[in-house]
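User: Hi! I have just opened this entry and would like a friendly tour. Could you take me through it step by step?

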Amino acid sequence: MTSKFGQGAPWWHGCVIYEIYIRSFYDSNGDGIGDLQGIIEQLDYVESLGVDAIWVTPFFPSPMKDFGYDVSDYCGVDSRFGTMDDFEQLIEAAHKRDLKVIIDQVWSHTSDIHPWFRESRSSYDNAKADWYIWADSNEGRPPNNWLSIFGGSAWTWCNQRQQYYLHNFLECQPDLNWHNPEVVNAISKVAEFWLDKGIDGFRLDACNYYMHNRRMADNPRRTKGMAIQDGVSALNPYSKYININNMSQVDNLHSIKRIREVLDKYPGRIAMGEIVAADDPGEMAAEYVRGCRRLHTAYNSSLLVERPLTAQLVVDALEDLGLHLEGEPICWTACTHDFPRTRTRWGPKDSEQSDAFCRLLSALLVSLPGMVSLYQGEELGLPETKIPKKEMQDPFGIHFAKYFAGRDGCRTPMPWKKEEDHYGFTEAESPWLITDPNFKKLTIDQQDADPNSMLNFFREFVKWRQQQPALRSGSLEVLESDRRLLLFTRESYDEYMLCAFNLSGALISWDIPEGMTIHKIHHEQDIVMGNNEKVIFRPYSFVFCEITNEDHSRPTLRSSASPICPIM
Ligand SMILES: [Ca+2]
């Protein structure tokens, strides 16, 4: 399997993935909910972004208590999203455009109306009695102190079976028992079903949650002053515990191998894991992709954080992975359907600077080594939507509404056309989730027509990046950086690129090292060159350039640190 950008490299090395949250992308039949035909109708738009692959969020039969992440039939299509025929059409249409199709698989848990769970809860001795995690009560209380990340105890009492069952997420999302080989076999068959349909990969939802500790020991309390997990709010009681027994078990790596064995029968198909709510997300993501018998890639929560985006945050994430990886591609993401939009979370208040920030962040993310997954709407610079309480849909958000915003704010429908109701997302009287009045100036039709828009910047930048061997597959070395200025080099056999980003609203001067010169500027936003001795970075500016010795030879522009990510 070769990449369209280089002979010999697998397609996923250095690829750019575009996450489509199906409910909010485009509604083709006027019921207010985005669907498979909606994606097909908008594939020209997706293709215009220059991405390599789409990741489509769950479209399987589901009672939609968690909007599709509660699956009741792993091998079907929910009628709200279309039919199996629509899905097959989507694969064909995407492949015609050289776009790979990655689908979400939610294997940590099922819906409580899944036939497997219905059978499992019916008695102690049915054929699927051990397919979920059941435990006796502890003198009238749950078996231990494990909490659900969505609020409350992770255990719910089942009258029918007179036992508790485990759910790391909602009560209606019972955890599958991955310690049971029959469950792993059943999941392997699900994987084969979709691989036979011609999909190119899986995004594995919450894959570090597959296994629990069978001893069922309590989770220890986090001590005062101890850092909390990335991706979890400090106001969520979940963050008060070190969640080491309900999830993230070492044994899980053996289950992952079973999944990989299935995938290896289908060359060129990949599994991308989601590593969340771990104390050491970088190290764990690296564990999940190490070698050639685990996952092909994983993304983690090191950039899915509320604290500000600083050079140090990026350097820490790079170093953390660099310490643990030996060339396996990691996937970067700063926003998904589960996390607030970057413009609001990290961007400055000033609107002009905020526009510059959105461009800078896109450029930075697609310049990091490995793969990148970009969430729909980030290419437009959309802000997070403020959702009035009566309009909230997300059960997690509703549970914690008093404390922090849920996930509805990043899930509002895509704004296609400025002048149409609901921005042309749907012809229904009302979409499943409100549209955002602040998107009025950011609609796709306006940005498409404006050569200076964020959207056109994104398209042009991604297409340029795809042609740069150093950015797609080169090694990375961080140079001196302070809190505000991030400098690193990307280097491949035939290309050497200095990438510099001012992550602040301040004016920063950077002295070009003595004896060196900027040979060629490939891309820049708002920098000023000072006599070839220094670069002045205006707020949220960046530059991609070649820096050489004065005789045009490749420089030894080395920091004291050794390279942290070898050539992949
Ligand atoms: Ca629809």
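User: How many Å separate the centres of domain 1 and domain 2?

Analyst: Happy to help, and please keep in mind that this is a predicted model. The protein chain is divided into domain 1, made of 16–108 and 199–466, and domain 2, covering 474–549. Taken over C-alpha atoms, the separation of their centres is 30 Å.

User: Which element gives the largest share of the side of domain 1 that touches domain 2?

Analyst: The two domains meet through 19 residues of domain 1 and 19 residues of domain 2. On the side of domain 1, the elements giving two or more residues are helix H8 (311–324), helix H10 (351–365) and helix H13 (454–466). The largest share is seven residues, and it comes from H10.

User: How many nonpolar residues are on the side of domain 1 that touches domain 2?

Analyst: Sorting that side by class gives four polar residues and one charged residue. The nonpolar residues there number 14.

User: Is glycine 370 buried or exposed?

Analyst: Let's place it first: glycine 370 lies in the loop between H10 and strand S11 (371–375). Beyond its neighbours within four places in sequence, glycine 370 is in contact with Pro329, Ile330, Cys331 and Trp332. A residue needs 20 or more C-beta neighbours within 10 Å to count as buried. Glycine 370 has 25 inside 10 Å, so glycine 370 is buried.

User: How many Å separate the C-alpha atoms of glycine 370 and arginine 472?

Analyst: Along the chain, glycine 370 and arginine 472 are 102 residues apart. In space, their C-alpha atoms are separated by 7.5 Å.

User: At what angle do helix H5 and helix H6 pack, and what is the handedness of their crossing?

Analyst: H5 spans residues 181–197 and H6 spans residues 252–264, with their axes 10 Å apart and an angle of about 30 degrees. Val184, Ser188, Ala191 and Glu192 of H5 make the contact with Ser255, Arg258, Ile259 and Val262 of H6. Those residues divide into four nonpolar, two polar and two charged. As for handedness, the crossing of H5 past H6 is right-handed.

User: What is the radius of gyration of the protein chain?

Analyst: Here is the wider view: the chain has 14 helices and 17 strands, and its C-alpha trace spans about 80 × 55 × 50 Å along the principal axes. Of its 568 residues, 50% count as buried. A compact globule with 568 residues would have a radius of gyration near 24 Å, so the chain agrees with that expectation, having 24 Å.

Key:
Residues numbered from 1 in each chain as written. Predicted model: local features only at pLDDT ≥ 70, side-chain atom pairs only at ≥ 80, totals over all residues. Domains from an automatic or database assignment. Contact = placed C-beta atoms within 7 Å. Helix = DSSP H or I, 4+ residues; strand = E, 2+ residues; numbered from the N terminus. Nonpolar A, V, L, I, M, F, W, Y, C, P; charged D, E, K, R; others polar. Buried ≥ 20, exposed ≤ 12 C-beta atoms within 10 Å, placed from the backbone. Axes fitted to C-alpha atoms, helices over the stretch in contact; angles between N-to-C directions. Left-handed = near helix turned anticlockwise from the far one by under 90°. Rg over C-alpha atoms; globule rule 2.2 N^0.38 Å.
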